[in-house]
Amino acid sequence: SEADRAGRMDLRDWPMVTIDGEDAKDLDDAVSVTREADGTWCLGVHIADVTNYVQERSALDVEALKRGTSVYLVDRVIPMLPHTLSNGICSLNQGEDRLALSCIMTVDARGNIIGHQIAETVIRVDRRMSYTDVNKIITLKDPETTEKYREFADMFFLMKELADLLRAKRRKRGSIDFDFPETKVVLDGEGHPLDIRPYDRNPATKIIEDFMLAANETVAQDFFWQEAPFLYRTHETPDTEKIKKLSTFINNFGYHIHLGGDEVHPKELQKLLEKIDDTPVEPLISRLTLRSMKQARYSVECTGHFGLAAKYYCHFTSPIRRYPDLQIHRIIKEILRGRMDEKRREHYNNILPAVAKQTSDLERRADEAERETIKMKKVEYMEKRIGRIYEGVISGITKYGMYVELPNTIEGMIHVTDIPGDYFEYLEDTYEMVGEHTGKSYKLGQTVRIQVTGTDRLLRQIQFALISDETENDDLFSA
């Protein structure tokens, strides 16, 4: 309504797009990029103004906090907010006037953010783009797609240039980029898995990540220096013991980490990941590096983000699907409108610690549920493939046996008693299984052939048997 638009910056004539997955319905971020005459960039990250519709202490707000986050299961989304809001009035749909909270940044030629403005705005998205189409334009230079989005093609190339600049800047300070392939599960109409494969990030998904990170850091830094009550996203330095363990392990492969004064700098882990890039041990060492770190969480203290090597960080860019973002939007708007008096300050100081704790816990629960449903579909997929033979990589070793990961991200277990040819023992220091009499060893990262021997839906487990090199079998399938 006109009343909603009153007093807001009108950016409806700014060329801007949303870039999301093909099946995304809750579009909460739009981006705009221009190059100024003086060589600087103007990067706009425009986020749906959800707080305009979800008032504090309303039934919607109470329920959103109870959920904490939207949960993305294999076959459905359990949204934090009702669809009417998340896919409707709050979603930044193409061609519609929408209310937003914008973070408009000036970036210099070196990738430094030298100025910014945070404002309540009215926007209108020109085009809803998918990662696939943007990638076809900027990476594959596909003439048909480029022609289809002709008026925006130049802006996508500008975006790529700016994102590369921001990423190089982050890399220089030591930001760690874990590039694991996520699992993409393709289901039929009844919800049965048809295909399971790795789902890789492409340059278009990275552009959006880079822009969102820039906005999240800028907002966190701004409100930290204003000494406002706030919710930060923090990631602590890993435990020294865990890093020492990792260091001992990677020595087996000829790599090492420098520990300065018992603490590790993110740059050291970044260097390690660069060294192992595209080597056979990459998935394994990356995973162990990730496991040696702490989990990120929400906090009222700004203690920095180790993984991003950032002093200031918060979650500002997804208020449709994360409660902490919604919470800080409320605070930002009160400050922008000059309403943050002592009483409001006290109010936020009272409620924020509990919000930080609850949303951190609910995020863990959602992650767990997402992982478990993917495991469930993997088991269902392999039920129909019992007896088949695949090639995989040893991805984990415990005293109970070895885990083997197939190229399509499915993991199964070979029980220690099922390893043929000897009695095998687990050596914890070197993460390997060694035969007592033969001395034959199985190490992490080693390629092996396995046969699928069983599945257990209840435990969400897949059992493999090791096929020794001597076994001849014509039934070798590629996963």
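## Nonpolar cores

The largest nonpolar core holds 76 residues, and Phe-156, Met-159, Phe-211 and Phe-316 touch the most other members. Helix 7, residues 203–225, gives this core its largest share, ten residues. A second core is separate and has 45 residues. Val-185, Leu-272, Leu-288 and Ile-414 are among its members.

Met-159 shows one set of contacts in detail. Setting aside residues up to four places away in sequence, Met-159 touches Val-17, Ile-19, Val-31, Val-33, Ile-207 and Phe-211. Phe-211 is also one of the four residues of the largest core that touch the most other members.

## Confidence

This is a predicted model. Mean pLDDT for the protein is 93. A value of 70 or more is reached by 97% of the residues.

One stretch scores low. Over residues 471–479, pLDDT stays under 50. For this stretch the model has 17 contacts beyond four places in sequence.

## Helix packing

Helix 10 spans residues 282–291, and its buried residues are Leu-284, Ile-285, Ser-286, Leu-288 and Thr-289. These buried residues pack against two helices and a strand: helix 8 (240–251), helix 9 (266–275) and strand 14 (389–398). Leu-288 also belongs to the second core.

Two packed helices are described by the angle between their axes and the distance between the axes. The axes of helix 2 (residues 59–67) and helix 11 (residues 323–336) come within 9 Å. They cross at roughly 135°. That angle makes helix 2 oblique to helix 11. Helix 2 makes the contact through Asp-61, Ala-64 and Leu-65. Helix 11 contributes Tyr-323, Leu-326 and Arg-330.

## A three-stranded sheet

Strands 17, 18 and 19 form an open sheet in the order 17-18-19, with antiparallel pairing. Strand 17 (424–427) and strand 19 (441–443) stand at the edges. Each has a single partner strand, so one side of each is left without a neighbour in the sheet. Neighbouring strands are turned by 20° against each other on average, direction ignored.

Strand 18, residues 432–435, runs antiparallel to strand 19, and three bridges join them. Across this pairing, Val-434 stands opposite Ser-441 in strand 19.

## Positive phi in two loops

Two residues other than glycine have positive phi. For Glu-227, phi is near 55°. Glu-227 lies in the loop between helix 7 and strand 12 (232–234). Its relative accessible area is 65%, so Glu-227 counts as exposed.

For Ala-309, phi is near 50°, again a positive value in a residue other than glycine. Ala-309 is found in the loop between strand 13 (297–299) and helix 11.

## A buried glutamate

Glu-363 lies in helix 12, which covers residues 342–383. Its relative accessibility is 15%, so Glu-363 counts as buried. The cut-off for buried is under 20%.

Which residues does Glu-363 contact, leaving aside its neighbours within four places in sequence? They are Thr-69, Arg-233, Ala-296 and Tyr-298. Arg-233 falls within strand 12 (232–234), and Tyr-298 within strand 13 (297–299).

Conventions
Residues numbered from 1 in each chain as written. Predicted model: local features only at pLDDT ≥ 70, side-chain atom pairs only at ≥ 80, totals over all residues. Heavy atoms only, no water. Core = buried A, V, L, I, M, F, W, Y, C linked by side-chain atoms within 4.5 Å. Buried < 20%, exposed > 50% of the residue type's maximum accessible area, 1.4 Å probe, protein only. Helix = DSSP H or I, 4+ residues; strand = E, 2+ residues; numbered from the N terminus. Contact = heavy atoms within 4.5 Å. pLDDT = per-residue confidence, 0-100. Pairing = 2+ DSSP bridges. Axes fitted to C-alpha atoms, helices over the stretch in contact; angles between N-to-C directions. Parallel < 35°, antiparallel > 145°, perpendicular 65-115°, else oblique.
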